[in-house]
Amino acid sequence: MQNRIMITGAGSGLGREIALRWAREGWRLALADVSDAGLRETLELVRAAGGSGFVQRCDVRDYSQLTALAQACEEQFGGIDVIVNNAGVASGGFFAELSLEDWDWQIAVNLMGVVKGCKAFLPLLERSKGRIINIASMAALMQGPGMSNYNVAKAGVLALSESLLVELRQLEVGVHVVCPSFFQTNLLDSFRGPNPAMKAQVGKLLEGSPITAADIADYIHAQVDAGEFLILPHEAGRDAWRLKCEAPQVLYDEMAAMAVKMRAKARSGH
Ligand SMILES: NC(=O)c1ccc[n+]([C@@H]2O[C@H](COP(=O)([O-])OP(=O)(O)OC[C@H]3O[C@@H](n4cnc5c(N)ncnc54)[C@H](O)[C@@H]3O)[C@@H](O)[C@H]2O)c1
């Protein structure tokens with residue numbers, strides 16, 4: 001029976017809600033984050049929800065911390081059945097203004113953090129015939145303006161997931177990738193970018209979501225159970241993706257119009 005799950009970025013937002021969703025099924029959880037306080041809170045909630053497990057501080061940029069986490073899962077649980085590469089940070093800014101350091105930081109956390117998580121845990125997953133759940137974003141599918149480094153990192157997570165889907169089928173390791181639109185979490189706390197007005201714009205987008213992080217965790221749980229690879233929790237996201245597949249130029253034109261509006265707003269500081 002599979003009942004051991006590891007989640008990165010489990011100290012807040014979606015990672016915490018995923019932890020609680022699986023905890024309610026009585027799973028054992030390895031919870032990782034750079035925030036010790038967040039991890040402690042999540043573990044308390046997990047226990048109250050019927051789960052058990054341990055927390056470990058882990059920065060997904062550092063491969064040795066991920067292999068140490070895999071080792072801890074080996075020691076505490078005798079292996080792992082599901083890993084969720086969820087840790088991520090927000091960024092924004094038009095391409096001309098983003099520094100190369102902004103790019104390095106975004107790619108290091110949001111893309112290479114997922115690559116390293118998959119690599120560190122693959123030997124354990126091969127043994128358990130487990131599964132990988134990577135948290136990307138709708139930004140992987142629809143490249144909105146003012147966030148090229150985030151778009152590229154998340155598109156990379158999608159490409160990695162597709163690559164693993166086909167490579168690992170023979171080993172019976174399952175792969176899923178989740179592409180949510182904006183939803184309210186603490187993601188804005190990690191925002192980095194050259195223009196503070198852009199941060200406020202992202203904040204408004206997060207507030208506008210019709211569904212919560214808990215709804216998304218529920219949806220992921222159901223879709224993983226159903227064996228779905230590409231998981232799109234927002235209805236509007238599913239519609240937009242369908243439209244892009246049918247008529248990509250319409251989407252590019254919409255995004256270009258949005259870029260004009262965003263630039264005007266960023267200039268006026270609203
Ligand atoms: N909130 C949204 O609108 C939204 C939309 C699409 C995708 N996502 C993705 O969902 C995932 C979860 O984000 P969230 O919205 O719950 O944000 P959040 O900020 O509430 O949670 C992210 C967690 O990741 C942790 N983290 C950040 N950098 C880390 C690192 N280097 N190593 C380990 N942990 C680290 C943070 O401490 C935090 O606890 C991210 O990958 C994000 O890109 C979020």
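**Notebook: helices and sheet**

I looked first at helix α1 (residues 13–23) and helix α7 (residues 213–225), which pack at an angle of about 50 degrees with their axes 8 Å apart. Axes are lines fitted to C-alpha atoms, for helices over the stretch in contact, and angles run from 0 to 180 degrees between N-to-C directions. Helices (H or I, at least four residues) and strands (E, at least two) are DSSP runs, numbered from the N terminus. I noted the contact residues, among them L14 and I18 of α1 and I216 and I220 of α7; contact requires C-beta atoms, placed from the backbone, within 7 Å.

The model is predicted: local features need pLDDT of at least 70, side-chain atom pairs count only at pLDDT 80 or more, and totals for chains, interfaces and linings use all residues. Residues are numbered from 1 along each chain as its sequence is written.

I next traced the open sheet, whose seven strands pair in parallel in the order β3-β2-β1-β4-β5-β6-β7. Pairing needs at least two DSSP bridges between two strands. The edge strands, each paired on one side only, are β3 (52–57) and β7 (230–231). I found helix α3 (residues 63–77) packed on the sheet, touching β1 (4–8), β2 (28–33) and β3, with its direction at about 155 degrees to that of β2. Strand β6 (residues 174–178) is joined to β7 by two bridges, and V177 has L230 as its bridge partner in β7.

Last, I checked α4, where a kink of about 55 degrees lies at L122, shortly before P123. The bend is the angle between axes fitted to the seven residues ending at a residue and the seven starting there. K129 follows α4 and has a positive phi, near 55 degrees.

Terms used
Two residues are in contact if their C-beta atoms, placed from the backbone, lie within 7 Å.
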